[in-house]
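Reader: I work at the bench and seldom read models. Please walk me through this one, feature by feature.

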Amino acid sequence: SQLFIKDLHFDGVPVRIYLPREPSASKRRGVIFIHGGCGIFGSIRGYERICRYIARKSDSVVVSVGYHLAPEHKYPAQTLECLRATVHFLKTADTYGVDPARIIVCGDSVGGSFTATVCQELGHRTDIPKIRAQVLIYPFLQALNFNLPSHQKNAAVAFLPREHTVHFILKYLNKDCSLKEPILAGSHVPESINLKYRKWINPDLIPDKFKLGYKPPLPTLFLPQVHEEVQELFEPWMSPLLAEDAVVCGLPDTCIVTCEHDVLRDEGLLYKKRLEDNNVRVTWHHVENGFH
């Protein structure tokens with residue numbers, strides 16, 4: 001009763017928009033919400049309650065993006081659709097009573113990954129309004145190292161165990177799932193790439209309190225044939241943590257939510273450090289008893 005809800009298409013992308021019915025004396029804030037589900041699950045309908053809640057509690061206009069799912073719609077169709085919907089909303093915000101300078105992008109899990117990519121892609125654009133902030137809720141941000149402390153600690157935690165994480169990534173990319181074991185071991189990453197990105201993806205960068213019981217993995221044999229099969233994993237669109245500093249420094253204010261019992265916890269911690277190192281303002285919420 002408090003919201004006007006309508007299904008639309010933004011530049012061909014299905015969206016559901018939530019507009020507060022109460023008249024506003026000034027233009028409202030806008031929220032673009034990108035749902036999780038590994039790129040292969042999830043829907044606008046599945047996130048109906050949270051989007052209604054955000055619209056009501058923050059008195060904002062919320063746009064929930066219904067990107068098409070993989071593998072039927074091949075990578076990177078999902079990222080491209082999130083980009084198109086975001087650009088459309090930034091350009092047409094006035095139509096919905098929204099201040100284009102007060103629009104944030106928000107997502108959970110792979111929705112957090114898409115959010116990070118959208119903000120990286122649009123950070124230096126001058127032809128559209130700047131995104132005011134990004135909110136990354138336990139985001140997936142890298143596919144190089146699946147042996148970080150949070151991967152070890154939460155390898156068998158319910159809902160998103162470590163093995164399922166890689167299995168779903170392979171499903172999302174429409175790859176052979178038999179590649180899971182060598183990727184879990186790190187055999188898909190040549191030493192040159194490990195050395196290049198060690199400055200950003202490294203257990204040494206994670207605060208000690210998150211490394212209790214951590215055991216550095218034994219060296220693994222590089223398998224060139226596996227590396228060739230999964231080239232997408234090394235693209236910033238798939239692993240936003242690999243974006244260059246020139247891109248990261250152009251990002252908006254950021255809120256990162258991590259959960260203690262989550263395999264992806266450390267990716268959020270590493271991205272937080274990268275953003276701070278590039279003078280991006282970060283607010284961090286860590287949920288001690290939370291899980292993915």
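Author: Start with empty space. Rolling a probe the size of a water molecule over the atoms shows where empty space is left. In this predicted model, the largest pocket holds about 630 Å³ of space.

Reader: How many residues line the largest pocket, and which lie nearest its centre?

Author: The lining has 25 residues. Nearest the centre are Asn145, Asn194, Arg198, Pro217 and Thr220.

Reader: Which helix gives the most to the lining of the largest pocket?

Author: Helix α7, residues 191–197, gives the most, with three residues. Sort the lining of the largest pocket by class as well: 15 residues are nonpolar, seven are polar and three are charged.

Reader: What is the volume of the second largest pocket?

Author: The second largest pocket comes to about 430 Å³. It is lined by 19 residues, and Val31, Ile54, Ile104, Cys106 and Val135 are the closest to its centre. Four elements each give two or more residues to this lining: β3 (28–34), α1 (48–58), β5 (98–108) and β6 (133–137).

Reader: Which element gives the most to the lining of the second largest pocket?

Author: β5 does, with five residues. By class, the lining of the second largest pocket splits into 12 nonpolar, three polar and four charged residues.

Reader: Now helices. How do I read one?

Author: Begin with the turn. An α-helix has 3.6 residues a turn, so residues three or four places apart point the same way. Then check the length. Helix α3 runs over residues 110–122. At 1.5 Å a residue, its 13 residues should span 18 Å. Its end C-alpha atoms are 18 Å apart, so the span agrees with the expected value.

Reader: How many residues of α3 are buried?

Author: 12 of its 13 residues are buried, so α3 is mostly covered; buried here means under 20% relative accessible area. Among the buried residues are Val110, Phe114, Val118 and Leu122. Polar ones are on that list too, including Ser113, Thr115, Thr117 and Gln120.

Reader: What about a lysine? Is Lys272 buried or exposed?

Author: Apply the cut-off. Lys272 has a relative accessible area of 18%. That is under 20%, so Lys272 counts as buried. Lys272 lies in helix α10, residues 265–277. Setting aside neighbours within four places in sequence, Lys272 contacts Ile256, Val282 and Trp284.

Reader: Next, the backbone. Where are the cis peptide bonds?

Author: Look at omega. One cis bond joins Ala70 and Pro71, with omega about 0 degrees. Another runs from Tyr75 to Pro76, with omega near 5 degrees. Pro71 lies in the loop between β4 (60–65) and α2 (77–92). Pro76 is found in the loop between β4 and α2 as well.

Reader: And phi? Which residues should I check?

Author: Check for a positive phi in a residue that is not a glycine. Ser109 is one, at about 60 degrees. Asn279 is another, at about 65 degrees.

Reader: Where do Ser109 and Asn279 lie?

Author: Ser109 sits in the loop between β5 and α3. Asn279 is in the loop between α10 and β8 (282–291).

Reader: Is Ser109 buried or exposed, and is Asn279 buried or exposed?

Author: Ser109 has a relative accessible area of 9%, so it is buried. Asn279 has 75%, so Asn279 is exposed.

Notes: Residues numbered from 1 in each chain as written. Predicted model: local features only at pLDDT ≥ 70, side-chain atom pairs only at ≥ 80, totals over all residues. Heavy atoms only, no water. 1 Å grid on protein atoms, 1.4 Å probe; cavity = no way out; pocket = protein on both sides within 12 Å on 5 of 7 lines; lining within 4 Å. Points joined across faces, edges and corners; volume = space filled by probe spheres on them. Buried < 20%, exposed > 50% of the residue type's maximum accessible area, 1.4 Å probe, protein only. Contact = heavy atoms within 4.5 Å. Expected span 1.5 Å × (residues − 1).
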